[in-house]
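The following exercises are to be worked with the sequence and the coordinates at hand. Each task is followed by a solution in steps.

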Amino acid sequence: MGKNSSDDLATLASEVLNSDKYSEETKSLAGSVLSQVKNGKVSSGDLATLASEVLRNKNSSETAKKLAGSVLSQSEKDSEDRKSGSAG
């Protein structure tokens, strides 16, 4: 993920966490996105499952879907790294 998109996602995630209008699921995704952006951490399997459910749900907000996409992209990267034996 490029720096600008990382910064944009971090800003969006921060706004979600500081707002009362988003669901706990969306806030969980936002927390994961912030962790990824700041520390290079990879999403857990549970968050990847939640992100997948958000993306499949036609009632999910665009904000939730953006965050879910980021969570899944990090989860997929981790899966590929494990398959290839790479760290990180």
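The exercises below concern a predicted model and proceed from the whole chain to single residues.

**Exercise 1. Describe the secondary structure of the chain and the confidence assigned to it.**

Step 1. The chain contains four helices and zero strands, and its pattern along the sequence is α-α-α-α.

Step 2. Mean pLDDT for the chain is 81, with 77% of residues at 70 or more.

Step 3. By element, the highest mean pLDDT belongs to α3 (89) and the lowest to α4 (76). Where pLDDT is low, the predicted coordinates should not be interpreted in detail.

**Exercise 2. Determine how much of the chain is buried and what share of its contacts is long in sequence.**

Step 1. The chain has 88 residues, of which 38% count as buried.

Step 2. Its accessible surface amounts to about 5400 Å², and carbon and sulfur atoms hold 45% of that area.

Step 3. Among contacts with a separation of 6 or more, 51% are between residues 24 or more positions apart.

**Exercise 3. Identify which helices supply the largest nonpolar core.**

Step 1. This core comprises 19 residues; Ala13, Leu29, Val33, Ala51, Val54 and Leu67 have the most contacts inside it.

Step 2. At least two core residues come from each of α1, α2, α3 (45-56) and α4.

Step 3. For one of the residues with the most core contacts, Ala51, the partners beyond four places in sequence are Leu29, Ala68, Val71 and Leu72.

**Exercise 4. Classify Thr26 and Thr63 as buried or exposed, and list their contacts.**

Step 1. Thr26 belongs to helix α2, whereas Thr63 belongs to helix α4, which spans residues 62-84.

Step 2. The cut-off for burial is a relative accessible area under 20%. Thr26 has a relative accessibility of 7% and is therefore buried; Thr63, at 16%, is buried as well.

Step 3. Setting aside neighbours within four places in sequence, Thr26 touches Val16, Ala64 and Leu67. With the same exclusion, Thr63 is in contact with Leu12, Val16 and Tyr22. Val16 thus appears in both lists.

Step 4. The side chain of Thr26 also makes a polar contact of 3.0 Å with the side chain of Ser23.

**Exercise 5. Locate Ser19 and state what its side chain approaches.**

Step 1. Ser19 is in the loop that runs between α1 (3-17) and α2 (24-39).

Step 2. Its relative accessible area is 18%, so Ser19 is buried.

Step 3. A polar atom of the Ser19 side chain lies 3.1 Å from the backbone nitrogen of Lys21.

Technical notes:
Residues are numbered from 1 along each chain as its sequence is written. This is a predicted model: local features need pLDDT of at least 70, side-chain atom pairs count only at pLDDT 80 or more; totals for chains, interfaces and linings use all residues. Side-chain values use heavy atoms; hydrogens and water are left out. Buried means under 20% relative accessible area, exposed over 50%, partly exposed in between (1.4 Å probe, protein chains only). A polar contact is a pair of N or O atoms within 3.5 Å; within protein, one must be able to donate a hydrogen and the other to accept it, and residues adjacent in sequence count only if both atoms are side-chain atoms. Contact means heavy atoms within 4.5 Å. A nonpolar core is a set of buried Ala, Val, Leu, Ile, Met, Phe, Trp, Tyr and Cys residues joined through side-chain atoms within 4.5 Å. pLDDT is the predictor's confidence in each residue, from 0 to 100. Accessible areas come from the Shrake-Rupley method with a 1.4 Å probe; for residues, only the protein chains shown count as cover.
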